[in-house]
Amino acid sequence: MIDSTLTGRVNVYLGSLVLTAFAVRLVWIWHFTGVMENEGAAYARIAENLFSGKGYIGILGGRDTLLPPLYPVLMRIGAQIAGSMEAGGRLVSALTSSLLVLPGFVLAQRLWGDGAGWWCAGLLAFHPLLVSFGSTTYCESTYLLLLFAAFVMSLRLLEKPATRRAVLTGALFGLAELVRPHALAYPVTAAAILLASALWDKAGRKRAISSAVVFVVAVVIFFPYIAYLSINSGYLRLEGKSLVNNIIGVRMRNGMSYAEAACGLGPNMQPEGPYLTADGFDIRWPEAFPGGVPLLANHLEGILWRTFDTLKAILTFEPFGSLLFAGVAAIGFFLTLGSRLRLRDNLAYLCLVGLYFPILLAVEFRWNRYLLPWLPMLTPWAAVGLAGLQRLVRQRLEQLIPRGGRFPALAGYVLPAVVVVAIAARSLPAVLKLGELSEGRDQSLRLTGEWLRLHGGEGRTVMGISAVIPYYAGASLAYLPYADQTQALEYVRGVDPAYIVIRESDRHRAPYLPLWLHHGLPDPCAEEAYRHESPDGDHVVVFRWNCGQVSRQSRP
């Protein structure tokens, strides 16, 4: 806990740090962004449709089951302040990313003390990866703030059970679930930890009650979304992503690439990849696929390799700071195990953090941003490692220079500061190259979308891969299928879009895309209408699809 005599001063310092972190993110937004990210476009379209009375309609033009509602609602609130959905989303992310400093400080302080708390707060405020994601329209920053606040309240409940604390803890977990549905596992785990501690504690009855309250409040908050999914699906459905992820996972384990598993066509031209279905409630589990225990057995195939690969990815992920960050976090983890007074908090935090590993293993494919939660999750231990290095240097200097005055204490900061600078130096170049962040700097997406809006694309269907271009066009997206050229053309005729958009960076998503990009679309219905050539080589070609007009002209 924070020393009561220092609370006022600590609050002022933390408040100043939060404001500085927010200012840094605003500067990053100004210099390194300019285009909405892919998932942000999907959230923004949901928000627009929801608040205009059209319902929970996504970028594909049908009811969305993948993205929960809290971030679109916050995006809309932010838009009322910032003037647009894009600016509103960035404002929400910048604010929540900056506020992450507060629970991070408390977590590290509980694990090791004030020194670790301040190192943790500094890392969360200025780590390049957290600054960059805190400047995007991805929902991760919002999710992490709610989750970490819930972690803090869980540890406080473990220390002193109380109904009000339990209600707040459950509410935070419930709100986190409304951003990322897999967070449903966390209140279950937190409740189990409280219940287990009740077995050998004098306040066992209070802990048991708190355990139940945490779980019930989280479920009550998440229940309306469960009801929405279940009523429209015709069966109990706790969240919307598992169905799609499992279909893609089984298809990938059958030998398909991610692109084919997500957007592939069947032998009779029927859409089999789930992303080809506009309405999420029309997606059904294929009868030929295993279910229940066979599905679990299918998923466990290659689990050892995926475990090793995931661990390697976490430890060597350059945007984190690579092995240097992982090494400092490992030092901190082992230091916390040596503190018997804080052992309970450490073990509880380990259980909560460790839960994300099986969640990550549950998907067959992994985007880089799926690794992001590990950075703030490991940062309290990294902060303990830095505080441990600081203490070690100070103590050795005090032994060497008994009358050194304040010099040993001040010099103790040098080594951990050098480590932090080295982590940032490894992280920043990798962050600037990260694909999920670089699309926010690709002005061709905005320019192409705005051109489409001016040339009749608004309210129509645009086929392509990116959701960003249809968003700026005011259009719906229909994914181009993974198929051979003949099948793809037949599928396009069935969709009958207004435009087809092909980007150089998407050429690997289907076998025919490089050919269409460089030699044109071989169909009389298609004519090249727009081409944008970026300095970085990510060219965009837009074809106008005039199949209705061609059909009329071909009649006798």
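Modeller: For sorting residues by class, Ala, Val, Leu, Ile, Met, Phe, Trp, Tyr, Cys and Pro go down as nonpolar, Asp, Glu, Lys and Arg as charged, and the others, Gly among them, as polar. This is a predicted model, where local features need pLDDT of at least 70 and side-chain atom pairs pLDDT 80 or more, while totals for chains, interfaces and linings use all residues. Numbering runs from 1 along each chain as its sequence is written, and side-chain values use heavy atoms, with hydrogens and water left out.

Colleague: OK, what makes something a pocket here?

Modeller: On a 1 Å grid over the protein atoms alone, a pocket is an open set of points where a 1.4 Å probe fits, with protein on both sides within 12 Å along at least five of seven lines. Lining residues have an atom within 4 Å of a point. Points are joined across faces, edges and corners, and the volume is the space filled by probe spheres set on them. By that count, the largest pocket holds about 1,200 Å³. Its lining has 47 residues, with N38, W367, I465, Y479 and R509 closest to the centre.

Colleague: Which elements give two or more residues to that lining?

Modeller: Helix 2 (38–51), helix 12 (241–253), helix 13 (258–263) and helix 22 (435–438). A helix is a DSSP run of H or I with at least four residues, a strand a run of E with at least two, numbered from the N terminus. The protein has 27 helices and five strands by that rule. As for class, the largest pocket's lining splits into 19 nonpolar, 13 polar and 15 charged residues.

Colleague: And what lines the second largest pocket?

Modeller: That one takes up about 550 Å³. It has 21 lining residues, and H182, N245, I359, A362 and V363 are closest to its centre. Helix 8 (140–159), helix 12 and helix 18 (356–361) each give two or more of them. Class by class, the second lining has 12 nonpolar, four polar and five charged residues.

Colleague: Why is helix 5 called largely enclosed?

Modeller: Buried means under 20% relative accessible area, exposed over 50%, partly exposed in between, with a 1.4 Å probe and protein chains only. In helix 5 (residues 101–111), 10 of the 11 residues are buried, so the rest of the structure largely encloses it. Among them are F105, V106 and L107. Just after helix 5 comes G113, with a positive phi near 135°.

Colleague: How do you know that D523 is buried?

Modeller: D523 has a relative accessible area of 6%, so it falls under the 20% cut-off. The residue sits in the loop between helix 26 (513–519) and strand 4 (526–532). Contact means heavy atoms within 4.5 Å; leaving out residues up to four places away in sequence, D523 touches L489, R493 and W545.

Colleague: What about phi in M269 and S322?

Modeller: Both are non-glycine residues with positive phi: near 70° for M269 and near 60° for S322. M269 is in the loop between helix 13 and helix 14 (293–300), and its 17% relative accessible area makes it buried. S322 belongs to helix 16 (residues 322–337) and, at 7%, is buried too.

Colleague: How does the radius of gyration fit a compact globule?

Modeller: The radius is taken over C-alpha atoms, and the globule rule is 2.2 Å times the number of residues to the power 0.38. For 556 residues that comes near 24 Å; the protein has 26 Å, which agrees.
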